[in-house]
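Me: I would be grateful for a close look at one part of this model, the largest pocket. Please describe its lining, and then set it in the context of the rest of the chain.

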Amino acid sequence: MDTLWTDFINSDWHDFRESGKHEDRLVLTSWQQRFVEDWKLTASVPASTSELQSLHSLRKLLHDYAIALANGSSADQINWDQLNKIMAQVPVIRQWNNSDGSRQLAYVPLTGDWNSVMADIVSDFVHTVLDQDIHRIRICDNPDCRWVFYDDTRSRTKRYCEDKTCGNLMKVRRFRAKKGSQKPK
């Protein structure tokens, strides 16, 4: 299950194939454009330098919380005041929404800027922590990947962000390590 907050955190991309390549996609105009379009958010692209600084700070904060939760910390370790301050920067209108046939209460921001985007990201993270099982927040077991994801499998045993990429790669690595450690007869 891809969520708004995990997509945001994972903008800090690491090559899962052990190359050591790293890319901060948050600074890329193309990533910003895709992000706001995919999640139906409103903000001017590209983000300004000060907006990027705020986005980087938020990404680090949420990433640290995700790591702590994935390692078994409780939600009590989260600085809720800090998250509330981010969400309070953007006033919203509560609005009945029945556009796609599903009845829901929508929170429509009064501004369409990166502060609004950050408030939505934090709100999505808070909903995950409060409404979902926080023990399903995971960090990919591939040490080169570092991807954050929410394990929505029934068995709650998902170890990799993607089985076809990191899962297969780690399976091959284990096989080669095992084969290399066996002595020829």
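Reply: The account below begins with the largest pocket and then moves outward to the rest of the chain. The model is a predicted one.

The space in the largest pocket comes to about 790 Å³. Its lining is formed by 23 residues, and A106, Y107, V108, D120 and S123 are the closest of these to the centre of the pocket. Three elements each give two or more residues to this lining: strand 3 (92–97), strand 4 (104–109) and helix 5 (114–131). Sorted by class, the lining comprises 12 nonpolar, 8 polar and 3 charged residues.

Strand 3 deserves a closer description. Q95 belongs to strand 3, and its C-alpha lies 5.1 Å from that of A106, although the two residues are 11 apart in sequence. A106 is also one of the residues closest to the centre of the pocket. Q95 itself is partly exposed, because its relative accessible area is 43%, a value between the limits of 20% and 50%.

V92 is likewise found in strand 3. Together with L105 and Y107, V92 makes up a nonpolar surface patch of about 290 Å². Y107 thus appears in two descriptions, as a member of this patch and as one of the residues closest to the centre of the largest pocket. V92 has a relative accessible area of 34% and is therefore classed as partly exposed. This value satisfies the requirement of over 30% for a place in a patch.

The wider setting can be given through the order of the elements. The protein has 6 helices and 6 strands, arranged from the N terminus as α-β-β-α-α-α-β-β-α-β-β-α. It has 185 residues, of which 34% are buried.

Beyond the pocket, the salt bridges give a further view of how parts of the chain meet. There are 7 in the structure. One of them joins D64 to K60, with 2.8 Å between the closest N and O atoms. Both residues belong to helix 3 (residues 49–70), where a separation of 4 residues places them about one turn of the helix apart. The two partners fall into separate accessibility classes: D64 is partly exposed at 37%, whereas K60 is exposed at 52%.

A second salt bridge connects D151 with R138, at an N to O distance of 3.0 Å. This pair links distant parts of the chain, 13 residues apart: R138 is in strand 5 (residues 137–139), and D151 is in the loop between strand 6 (148–150) and helix 6 (163–181). Both partners are buried: D151 has a relative accessible area of 0%, and R138 has one of 19%. The figure for R138 qualifies because the buried class takes in values under 20%.

R136 and D133 form another salt bridge, in which the closest N and O atoms are 4.0 Å apart. R136 counts as buried, because its relative accessibility is 11%. Elsewhere, a network of salt bridges links D7, R34 and D38.

The backbone of the loops also has features to be noted. In the loop between helix 2 (29–38) and helix 3 lies P46, which is joined to V45 by a cis peptide bond with omega of about 5 degrees. K40 is placed in the loop between helix 2 and helix 3 as well. Although K40 is not a glycine, its phi is positive, at about 55 degrees. K40 is exposed, because its relative accessible area is 75%, and the exposed class begins over 50%.

R146 is another residue that is not a glycine but has a positive phi, in this case about 70 degrees. Its place is in the loop between strand 5 and strand 6. R146 counts as partly exposed, because its relative accessibility is 47%.

To return to the part requested, the largest pocket draws two or more lining residues from each of strand 3, strand 4 and helix 5. The nonpolar patch made by V92, L105 and Y107 shares Y107 with the group of residues closest to the pocket centre.

Technical notes. Residues are numbered from 1 along each chain as its sequence is written. This is a predicted model: local features need pLDDT of at least 70, side-chain atom pairs count only at pLDDT 80 or more; totals for chains, interfaces and linings use all residues. Side-chain values use heavy atoms; hydrogens and water are left out. On a 1 Å grid over the protein atoms alone, a cavity is a set of points where a 1.4 Å probe fits but cannot get out, and a pocket is an open set with protein on both sides within 12 Å along at least five of seven lines; lining residues have an atom within 4 Å of a point. Grid points are joined across faces, edges and corners, and a volume is the space filled by probe spheres set on the points. Ala, Val, Leu, Ile, Met, Phe, Trp, Tyr, Cys and Pro count as nonpolar, Asp, Glu, Lys and Arg as charged, and the others, Gly among them, as polar. Patches are made of residues with over 30% relative accessible area and no salt bridge: like charges are joined within 9 Å, nonpolar side chains (Val, Leu, Ile, Met, Phe, Trp, Tyr) within 5 Å. Accessible areas come from the Shrake-Rupley method with a 1.4 Å probe; for residues, only the protein chains shown count as cover. A salt bridge is a side-chain nitrogen of Lys or Arg within 4 Å of a carboxyl oxygen of Asp or Glu. Buried means under 20% relative accessible area, exposed over 50%, partly exposed in between (1.4 Å probe, protein chains only).
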